[in-house]
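Please report on the fold, two loop residues and one pocket of the protein shown here.

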Amino acid sequence: MAKVNVLGIDTSDGINGSKIIVSHLSLPNAGNTKVDITYTVSGDGSVKVDMSVNAVGSGMGKFLRVGSLMTLPAGSEQLSWYGNGFAETFNDRKTNGIHKVWSDTVSGQFYPYMKADDCGNHTDVRWISVKNPNNSTGLLVSANGEVEASALHFMPEDLMNANHPFELSPRKETFLSVDYGSMGTGSATCGQGTLDEYQLPSDKVYKWSYTIIPVSASANAE
């Protein structure tokens, strides 16, 4: 788990009775990259999340991914999203995807590459929903624009530390990523590396936002 330093937390009142919480963080293992997360909590149960990641001067070079990760409880298995699918897509490899509403299980999002690796990424996502079929409610994340997103039963470090899929043990929890984006795949092992327009340099500030909304588990994905 990445180390996080909490620099401060601010609270204030918003409009229509909403509450605003701002967390100021730094990531010492990432050149003290600064992260500001603003949560706007509304009375209807929705939470707007505004993310800002500033690694200017950190010396980090190129990011593999800029995003956020949330842990959902065991049983969060039914997945739907409005974005590219059905198979995983990346910002430099998404012409194979069709942009529409898709449904799957979280378990079905894992792809057993010969070498265990990150998988299940979806591009141009407008919303993504995860539900527990045994509960009356689920969670929907609505993007402000489009994001990249994925849902797996593995933490990123699980995939990094395993050489082959048989070494992996799925966790009961679901790990939902809602990201600004990730670096394109390129083909550096046998040709051209990732082109500049598909990279994530650390000399800029990345901002994205989304709203977390409680929904009925019986709600139609369409």
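The report goes from the whole chain to two loop residues and then to a pocket.

This is a predicted model, in which local features need pLDDT of at least 70 and side-chain atom pairs count only at pLDDT 80 or more, while totals for chains, interfaces and linings use all residues. Residues are numbered from 1 along each chain as its sequence is written, and side-chain values use heavy atoms, with hydrogens and water left out.

**Overall fold**

The protein contains one helix and 13 strands; these are DSSP runs numbered from the N terminus, with helices being H or I of at least four residues and strands E of at least two. Their order along the sequence is β-β-β-β-β-β-β-β-β-β-α-β-β-β. The radius of gyration is 18 Å, which agrees with the value near 17 Å for a compact globule of 222 residues; the radius is taken over C-alpha atoms, and the globule rule is 2.2 Å times the number of residues to the power 0.38. Along the principal axes, the C-alpha atoms fill a box of roughly 55 × 45 × 30 Å.

Of the 222 residues, 41% count as buried (under 20% relative accessible area; exposed is over 50% and partly exposed in between, with a 1.4 Å probe and protein chains only). Among contacts (heavy atoms within 4.5 Å) between residues at least 6 apart in sequence, 62% join residues at least 24 apart.

**Two loop residues**

| Residue | Loop | Relative accessibility | State |
|---|---|---|---|
| S18 | between β1 (5-13) and β2 (19-27) | 6% | buried |
| L64 | between β5 (62-63) and β6 (65-72) | 66% | exposed |

Not counting residues up to four places away in sequence, S18 touches S12, D13, T40, V41 and S42. With the same exclusion, L64 is in contact with S182, M183 and L200. The C-alpha atoms of L64 and S182 are 5.6 Å apart, although 118 residues separate them in sequence.

**The second largest pocket**

The second largest pocket holds about 210 Å³ of space. Of its 17 lining residues, N91, E148, Y180, G181 and L200 are the closest to its centre. A pocket is an open set of points on a 1 Å grid over the protein atoms alone where a 1.4 Å probe fits, with protein on both sides within 12 Å along at least five of seven lines; lining residues have an atom within 4 Å of a point. The volume is the space filled by probe spheres set on the points, which are joined across faces, edges and corners.

At least two lining residues come from each of β9 (122-131), β10 (137-152), β11 (174-182) and β12 (200-201). The lining divides into six nonpolar, five polar and six charged residues; Ala, Val, Leu, Ile, Met, Phe, Trp, Tyr, Cys and Pro count as nonpolar, Asp, Glu, Lys and Arg as charged, and the others, Gly among them, as polar.
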